[in-house]
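This report walks through a two-part tour: how the chains meet, then what lies inside them. Please look at the sequence and the 3D view first.

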Amino acid sequence: MGEGPGQPRLKLRGIHKTYSALVANDRIDLDVMPSSIHAVLGENGAGKSTLMKIIYGVTEADAGTMFWNGAPQPHLSPARARQLGIGMVFQHFSLFPALTVLENILLFAPKGATREELRSTLKTVSAEYGIPVNPDDVVGRLGMGERQRVEIVRCLLQKPKLLILDEPTSVLTPQAAEDLFVMLRRLAANGCSILYISHKLHEVRELCHTATVLKAGRVVATVDPREESEDALARHMLGSMVPAIRHDAAHAGAERMSVLALSRDSEVAGGVGLDDVNLAVRCGEIFGIAGIAGNGQAELLEALSGEWVGAPAECVCLDGAPMGRAGVRARRRAGLVYVPEERLGRGSVPGMPLRRNSLLTTGFANFFRGGLIRQGPVDAFTRRCIEEFDVRPADGTANADALSGGNLQKFIVGRELLQSPKAVIAAQPTWGLDVGAARAIRQLLVDLREDGVAILVVSEDLDELFAICDQIAVLANGCLSEAKSASSTSVEEIGRLMSGRPVAGVGSPLQGGACADQA
Amino acid sequence: MPIRLEPRAAASRWVRYLAPVASALAAMIAGTLLFFFIGHDPAEAFYVFFVQPVSDLYGLGELFLKTAPILLCATGLAIGFRSNVWNIGAEGQLILGAICGGSLALAFDSVQGWWLLPAMFLAGGIGGMAWATVAAVLRVRFNANEILVTLMLTYIAGLFLSYLVYGPLRSPTGFNWPESTAFHGAARLPRLLDGTRMNAGILLALGVAVAAWVFVRFSYLSYQMEVGGKAVNAARYAGFGRNRMIWLGLLISGFCAGLAGVVEVAGTIGKLREVVSPGYGFAAIIVAYIGRLNPLAIILSSVLMALFFIGGEQAKVSLGVPSAITGIFQGTLLFFLLMSDLLVSYRLTWVGFASNSAEGGGAVDG
């Protein structure tokens, strides 16, 4: 096991993988040095996930060799990868929702580890890296950001020599992302190599020492991101200039979607409820709600979509009509569509082909005859959705879970937007998407806004909110801050509100149910 | 464990459909081997069990006679199973169907009319549905597990039937046997073929299976139920009420099982007695899965299960083994089906004894 200087910790040579007609990885070479933070950049479907799965032993390459500290690793499995010291934080989290944080970690712990030992190790690690996790939280009740923390901590417990992170900052506040970077730099300084998959070019430039750019399964460039401009990186990825988002001045009209004095408890133990939330989205306006998951986002979205109908009818209005008691389908008939945060298992049904998933929320009259489904029109709709929104593979018979996260999201967004909505709710619409897809979806929302649709975007990505929103409010600890016009506020101010800290040094940090910044 | 399960990237479609066939063959072979180990000639045992019962017209008639109630129960269950509603008490719902349909026949003992038989089926279906309603209410209202409730209700149904045939419904002219008076002609299912006991029940069952196929294949309602079964959150998101799906799953399967009960008492048996089903309702659970929850495929798996029942009886007569052998065959079949399903989705990897421990999570990563 020679780990001399200049010896790459991980070396890939000629890694090749094809899925029937699709070449996912085309003779990929990659060197990851000890202590290096190495970015892998690429569009959706560029082959990043496949490559990571091969490194982690989930998928077997058709050809090529992986060397670990110079030694070839012919038969790799996840267990073997973990033994070598490779840890991976997946884009789709691999946690059991029904178990607690501690139990989830226990499942991956070496034999003989007791609950109490693990609990104290967990405390140490989470304190050491500044990642707060409560071992007794049930994972199913955690937001995406919190689940990711659990995944990262779980990997760190195994003291990895190579940590693979897939889109790790997409659910973090700017401050929390900075904290993550500090932690990753600390890890790297201690000798751990990091493979960092991200589409946020500025992050890659800020954090990473080397960037390998993949396009259509091939390595197109290996660069030092600190010396490249964002545009140059994007050009490598996309092969052409990325179109910027057009965003004209707002010409908002009448109030389309409003929430009035909505208070509720969370239905999950330990969840954050809502405390007197008021908001109004007008026609031709994008209203952004910033905040970290677990601060009442799920509760607000449920109340808006009609999945939860416990409030008085006047609490939620669509076009002035009280809808607080109306169910999901009644609200959809009134012109509301909803792109949920969880793409697989909520926005779409895994194990069902797209041509069946397009039926999930669409209620076009020509889809049905006497209670039976007319698959012809449904298929036509599916094809239109796939073509107009560039879903790949362009195959309506592909199962939802066979698509990459970005393509599935394009399909779901397409399905919702093709219903000529009057009001749109979108939760984390571009989470985990590459630059091209994210911009396309943002542009779609902006275009709809130009057509006079009222749009509510709930997101943890401040860049996104500032890029498209007219109004921004922050949901922290169940309280919604006053909406500010995007031009009159700043990332710093919103970021401070997100972390629940008062803006100007008045009072103490928020705790419990108090809403100090509401006045 | 030196062996580990690893998920396969993609299970091919035809393997998925082949698995039930393979498990049926494996169960036949394993069962025949069992005869060998208890001292019978395996070739003879196989012949007695699987060939002899269907080697003449009468035998074929018996085969379809027994297929009918199994097919009815399994079809109903499959619709529920598709939406993750675990009704395993079809046996109890079948008994209630027999009681309700049979009571109607006894109540109109002196009236002959074409309408009596349809009325009996309606009453039986409603009876089975009523029994399932108990489970549905408890599930929807108190979140009581329908697996336990439906199972326990089966025993109550059996005891209720015993009470009736020992008490109020016992035939006054039946020498104190725990049986009701025999139904008259208008309350009996017509015989389809001379020289056999096969009755119109099989036509009803086939009709229900085809209707169920149309329902699951084309109806929007079934689509909603399937979404609820595959992803609860997606159903919530789409506004498909979960409670409605639970009600439907239980009521439909209860209704079908109730029909099966009437088929038994109005067809084969011709009266109410202490035992009206040798476990068709339970066998139907396995049948539904062998048929991949597809009503058309379930027709075939019901015939297979009927063969097991007849083979068991034949083996009792010809080989002198207890008819519990049928249960053993059912168990073996289920075992092979579960095993082959596992192997369709996962592959076994030998990792050796020396390997370390943290491998339990291997299957989770995929």
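A salt bridge is a side-chain nitrogen of Lys or Arg within 4 Å of a carboxyl oxygen of Asp or Glu. A:Glu302 forms one with B:Arg236, their closest N and O atoms being 2.6 Å apart. By this rule, the interface of chain B and chain A holds two salt bridges.

The model is predicted: local features need pLDDT of at least 70, side-chain atom pairs count only at pLDDT 80 or more, and totals for chains, interfaces and linings use all residues. Residues are numbered from 1 along each chain as its sequence is written, chains are lettered from A and ligands numbered from 1 in the order in which they are written, and side-chain values use heavy atoms, with hydrogens and water left out.

**The interface**

Polar contacts join the chains too. Such a contact is a pair of N or O atoms within 3.5 Å; within protein, one must be able to donate a hydrogen and the other to accept it, and residues adjacent in sequence count only if both atoms are side-chain atoms. Between chain B and chain A, eleven residue pairs are in polar contact, both at pLDDT 80 or more. On the side of chain B that touches chain A, strand E1 (3–7) and helices H7 (201–218), H8 (220–230) and H9 (232–238) of chain B each give two or more residues. H8(B) has the largest share of that side, seven residues. Helices (H or I, at least four residues) and strands (E, at least two) are DSSP runs, numbered from the N terminus.

How many residues does each chain bring to the contact? Chain B brings 30 residues and chain A brings 44 residues; contact means heavy atoms within 4.5 Å. The two chains bury about 3,000 Å² between them, 56% of it on carbon and sulfur atoms. Buried area is the accessible area (1.4 Å probe) that two parts lose on being put together, summed over both.

**Inside chain A**

Chain A has 16 helices and 23 strands. Of its 519 residues, 56% count as buried. Buried means under 20% relative accessible area, exposed over 50%, partly exposed in between (1.4 Å probe, protein chains only).

A nonpolar core is a set of buried Ala, Val, Leu, Ile, Met, Phe, Trp, Tyr and Cys residues joined through side-chain atoms within 4.5 Å. The largest one has 97 residues, and A:Leu279 and A:Leu456 have the most contacts inside it. Helix H14 (residues 435–450) of chain A gives the most to this core, six residues. A second, separate core of 90 residues includes B:Leu117 and B:Val276.

Helix H12 (residues 375–388) of chain A has 14 residues. Its buried residues include A:Phe381 and A:Ile386. Among the elements that cover the buried residues of H12(A) is helix H13 (405–417) of chain A. Just after H12(A), A:Asp390 takes a positive phi of about 55 degrees.

**Two buried residues**

The table sets out two residues of chain A, leaving aside neighbours within four places in sequence for the contacts.

| Residue | Element | Relative accessibility | Contacts |
|---|---|---|---|
| A:Thr50 | helix H1 (residues 48–55) | 12% | A:Lys17, A:Tyr19, A:Ala24 and A:Asn25 |
| A:Ala221 | strand E10 (residues 218–223) | 10% | A:Ala211, A:Thr212, A:Val213 and A:His236 |

A:Thr50 counts as buried because its relative accessibility is 12%. A:Ala221 is buried as well, at 10%.

Conventions: Expected span 1.5 Å × (residues − 1).
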